[in-house]
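Subject: The structure we talked about

Hi there,

Here is the structure I promised to pass on. Have a look at it first, and then read on for what I found.

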Amino acid sequence: MLELININKNYTSSEHSLHILKNINIKIEQGEFVAIMGPSGSGKSTLLGIAAGLDRADTGDVILDSVKMSSLSEDGLAKLRAEKVGFIFQNFQLVRTLNAIENVSLPLIISTKLSEKEIKEKAMNLLEKVSLEHRISHFPSQLSGGEEQRVAIARSFINNPKILFADEPTGNLDSKNGNAVMDMLTSLNKQNNSTLIVVTHDPKIAFLADRILEMENGEIRQRVGMIRSSLKTDNKSKKKGKK
Ligand SMILES: Nc1ncnc2c1ncn2[C@@H]1O[C@H](COP(=O)(O)OP(=O)(O)OP(=O)(O)O)[C@@H](O)[C@H]1O
Ligand SMILES: [Mg+2]
């Protein structure tokens, strides 16, 4: 479903050049739930943006659902994202001039031929799922951080994505809302066999995944054993036998 081949990314300024992603190779199958962990500044968000086609690598290729992203134009990339990708940003990135239901509807307004009424119904349904049915007319500035995050989560589901990227989706949420969001993410993953890639600092969330990748200083490695063994006492929520 997703393959990253020899990905390198540098940020160069007049003063210095930073090598942020160092020869990353990852292959993720359709239906997999992969967690990415690692220290702040290690390159997780940069990697996610490149994998989702929001940003381009300096070298290497990203292949998403058999499409080589480097061969697409900006329009082609935007179309691929609109059809197949959901993305929950670490800082939400809601449109400040649109209210909650308009923000959730936006990806469909751009990309489908559904009627306005159908789009609104879908958006309302998702806002209900994140317990925000009483905030649909609020603008981002009128929402709390956790509410903005839940609007962003509802928006990421609106196109029923084949692959969903979530950058610390529960970072601003209390445990009740955090659990509700993780239930939404994992049920999309299970019911639709969609692929789920979650950046998280929370070992309990990572433990729900099929696989944990750890980033450190721009490099990636698979590291399941250590985290699992440190969580042996808290493995009741582990889903079983999924592949
Ligand atoms: N546009 C940019 N220009 C220059 N440096 C950047 C840019 N974007 C990110 N960086 C640097 O790249 C490194 C990786 O950033 P990234 O946001 O990917 O880290 P992260 O692992 O997501 O961290 P966190 O856990 O804090 O979200 C950081 O040191 C950051 O300062
Ligand atoms: Mg980040």
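Which strands does H1 lie across, and at about what angle does H1 run to S1? The helix lies across strand S1 (2–12), S2 and S4, and its direction makes an angle of about 125° with S1. Please keep in mind throughout that this is a predicted model.

**The chain as a whole**

The protein chain contains 8 helices and 10 strands. For 243 residues, a compact globule would have a radius of gyration near 18 Å, and the protein chain, at 18 Å, agrees with that. If you want a feel for the dimensions on your screen, the C-alpha trace spans about 50 × 45 × 35 Å along its principal axes. Buried residues account for 40% of the 243. Of the contacts between residues at least 6 apart in sequence, 68% join residues at least 24 apart.

**Helix H1 and the ligand**

Back to H1, since it also turns up beside the ligand. Around ligand 1 you will find Tyr11, Leu18, Ile20, Gly38, Ser40, Gly41, Ser42, Gly43, Lys44, Ser45, Thr46 and Gln90. Two elements, strand S2 (17–28) and helix H1 (44–51), each give two or more residues to this shell. The most come from H1, which gives 3 residues. Sorted by character, the shell has 3 nonpolar residues, 8 polar ones and 1 charged one.

How much of H1 is buried? The helix is mostly covered, with 7 of its 8 residues buried. The buried ones are Lys44, Ser45, Thr46, Leu47, Leu48, Ile50 and Ala51. Just after H1 comes glycine 53, whose phi is positive, at about 75°.

**The sheet of four strands**

The strands under discussion with H1 belong to an open sheet of 4 strands in the order S2-S1-S4-S5, paired antiparallel. S2 and strand S5 (67–68) are at the edges with a single partner strand each, so one side of each has no neighbour in the sheet. At the S5 end, strand S4 (residues 59–64) is joined to S5 by 2 bridges, and these strands run antiparallel. If you would like a spot to look at there, isoleucine 63 stands opposite lysine 68 in S5.

**The sheet of six strands**

There is also an open sheet of 6 strands, and its order is S6-S7-S8-S3-S9-S10, with mixed pairing. Its edge strands, strand S6 (85–88) and strand S10 (219–222), each pair on one side only. On average, neighbouring strands of this sheet are turned by 20° against each other, ignoring direction.

Strand S8 is a good place to start here. Is strand S8 (residues 195–199) mostly covered or mostly uncovered? It is mostly covered: 5 of its 5 residues are buried. As a reminder, in a regular strand the side chains alternate between the two faces of the sheet. In S8, Thr195, Ile197 and Val199 point one way while Leu196 and Val198 point the other way, and all are buried.

Both partners of S8 can be followed residue by residue:

- Strand S3 (residues 33–37) pairs with S8 in the parallel sense, over 4 bridges; alanine 35 stands opposite valine 198.
- Strand S7 (residues 163–167) also pairs with S8 in the parallel sense, over 5 bridges; isoleucine 163 stands opposite threonine 195.

Towards the S10 edge the sense changes: strand S9 (residues 211–216) and S10 pair antiparallel over 4 bridges. Leucine 213 has glutamine 222 in S10 as its bridge partner.

**A glycine in helix H6**

One last residue to look at is glycine 178, found in helix H6 (residues 175–191). Is glycine 178 buried, partly exposed or exposed? With 19 other C-beta atoms within 10 Å, glycine 178 is partly exposed, because a residue counts as buried from 20 or more. Leaving aside neighbours within four places in sequence, its contacts are Thr170 and Leu173. Glycine 178 can also be placed relative to S8: its C-alpha atom is separated by 16 Å from that of isoleucine 197, 19 residues apart along the chain.

Enjoy looking around, and do write back if you have questions.

Best wishes

Notes:
Residues are numbered from 1 along each chain as its sequence is written. Chains are lettered from A and ligands numbered from 1 in the order in which they are written. This is a predicted model: local features need pLDDT of at least 70, side-chain atom pairs count only at pLDDT 80 or more; totals for chains, interfaces and linings use all residues. The radius of gyration is taken over C-alpha atoms; the globule rule is 2.2 Å times the number of residues to the power 0.38. A residue is buried if 20 or more other C-beta atoms lie within 10 Å of its own, exposed if 12 or fewer, and partly exposed in between; C-beta atoms are placed from the backbone. Two residues are in contact if their C-beta atoms, placed from the backbone, lie within 7 Å. A residue is near a molecule or strand if its C-beta atom, placed from the backbone, lies within 6 Å of it. Ala, Val, Leu, Ile, Met, Phe, Trp, Tyr, Cys and Pro count as nonpolar, Asp, Glu, Lys and Arg as charged, and the others, Gly among them, as polar. Two strands pair if DSSP finds at least two bridges between them. Axes are lines fitted to C-alpha atoms, for helices over the stretch in contact, and angles run from 0 to 180 degrees between N-to-C directions.
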